[in-house]
Amino acid sequence: VERRSSRHCLELWRNEIDEMTKSGRGRDQDGLRTIYQRIESGKESKCQLVRMKNEKFIVFPTLRTFDEVTRQSSNPNLVHISNSVFAKWIDEEAQNKYMHDLLQLSEAEKQSSKYGKVIVHAKKSDM
């Protein structure tokens, strides 16, 4: 988000998510995509979003891609495993091992509760 338009953009995004939630959707990515499409179509001119290529910066692992992600020699800046959709299909221990390795945690750090643990709480509707 361009800093000068961020307040307006965030308000648009919040309103979009609120509207989608009423219809049972409400994923933040859907709201952001809708706003981006409004900007691209010329319907929104006050909000400025920059769409970046995410291949090297962010990864959204799924069951199908998780093993490949864990074998990469370099890691993206952001790893996002969606708790509501994909995480329930990826083994929790495999997720923990990947995150611990990614963060280069010592055994003592892994055993402490200081750095968290992957816990998947899938909704029944996602099963």
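## Overview

Of the 127 residues of this protein, 26% count as buried. The model you are looking at is predicted, so please read every value below as computed from that model. Five helices and two strands make up the protein, and from the N terminus on they follow the order α-α-β-α-β-α-α.

How far along the chain do the contacts reach? Taking contacts between residues at least 6 apart in sequence, 43% join residues at least 24 apart.

## Helices α1 and α2

Let's begin with helix α2, which covers residues 28–41. Its 14 residues reach 20 Å from the first C-alpha to the last, close to the 20 Å expected at 1.5 Å a residue. D30, G31, I35 and I39 are the buried residues to look for in α2, and the buried residues of this helix pack against α1. Just after α2 comes G42, with a positive phi of about 90 degrees.

On the α1 side, E16 is a good residue to click on. E16 belongs to helix α1, residues 6–22. Is E16 buried or exposed? With a relative accessible area of 14%, E16 is buried, because buried means under 20%. Not counting residues up to four places away in sequence, E16 touches G31, T34, I35 and R38. Two of these names, G31 and I35, also appear among the buried residues of α2.

## Two nonpolar cores

Which residues form the largest nonpolar core? There are eight: V59, F66, V69, V79, I81, A87, I90 and Y98. A second, separate core has six residues, including C9, L12, I35 and I39. I35 and I39 bring us back to α2, where both are buried.

V59 is a member of the eight-residue core. Setting aside residues up to four places away in sequence, V59 touches V69, P76, L78, V79 and H80. Of these partners, V69 and V79 are also listed in the largest core.

## The aromatic pair

A search of the whole structure finds one aromatic pair. The ring centres of F66 and Y98 are 5.7 Å apart and the planes meet at 75 degrees, so the pair is edge-to-face; the cut-off for that label is over 60 degrees. Since F66 lies in helix α3 and Y98 in helix α4, the pair ties together parts that are 32 residues apart in sequence. Both F66 and Y98 are buried, and both are members of the largest nonpolar core.

## Helix α4

Helix α4 holds twelve residues, 92–103. At 1.5 Å a residue they should span 16 Å, and the end C-alpha atoms are 16 Å apart, which agrees. Within α4, Q95, N96, Y98 and H100 are buried. What do the buried residues of α4 pack against? Their partners are α3 (66–71), β2 (78–79) and α5 (107–111).

Both ends of the helix have something to inspect. At the start of α4, a side-chain oxygen of D91 reaches to within 3.2 Å of the backbone nitrogen of E93. Just after α4, Q104 takes a positive phi of about 55 degrees.

## Around L63, W89 and D91

L63 sits in the loop between β1 (58–59) and α3. At 51% relative accessibility, L63 counts as exposed, because the cut-off for exposed is over 50%. Leaving aside neighbours within four places in sequence, L63 is in contact with W89 and I90. The C-alpha atoms of L63 and W89 are separated by 5.9 Å, although these residues are 26 apart along the chain. I90, the other partner of L63, belongs to the largest nonpolar core. W89 has a further partner to look at: K88 lies over the face of W89, at 4.0 Å from the ring centre.

D91 is found in the loop between β2 and α4. At 49% relative accessibility, D91 counts as partly exposed, because that class runs between 20% and 50%. From C-alpha to C-alpha, D91 and L63 are 8.7 Å apart in space, with their positions 28 residues apart in sequence.

Conventions:
Residues numbered from 1 in each chain as written. Predicted model: local features only at pLDDT ≥ 70, side-chain atom pairs only at ≥ 80, totals over all residues. Heavy atoms only, no water. Helix = DSSP H or I, 4+ residues; strand = E, 2+ residues; numbered from the N terminus. Expected span 1.5 Å × (residues − 1). Buried < 20%, exposed > 50% of the residue type's maximum accessible area, 1.4 Å probe, protein only. Contact = heavy atoms within 4.5 Å. Polar contact = N/O pair within 3.5 Å; in protein donor to acceptor, adjacent residues only side chain to side chain. Core = buried A, V, L, I, M, F, W, Y, C linked by side-chain atoms within 4.5 Å. Phe/Tyr/Trp six-rings, centres within 6.5 Å; stacked < 30°, edge-to-face > 60°. Lys NZ or Arg CZ within 6 Å of the ring centre and 35° of its normal.
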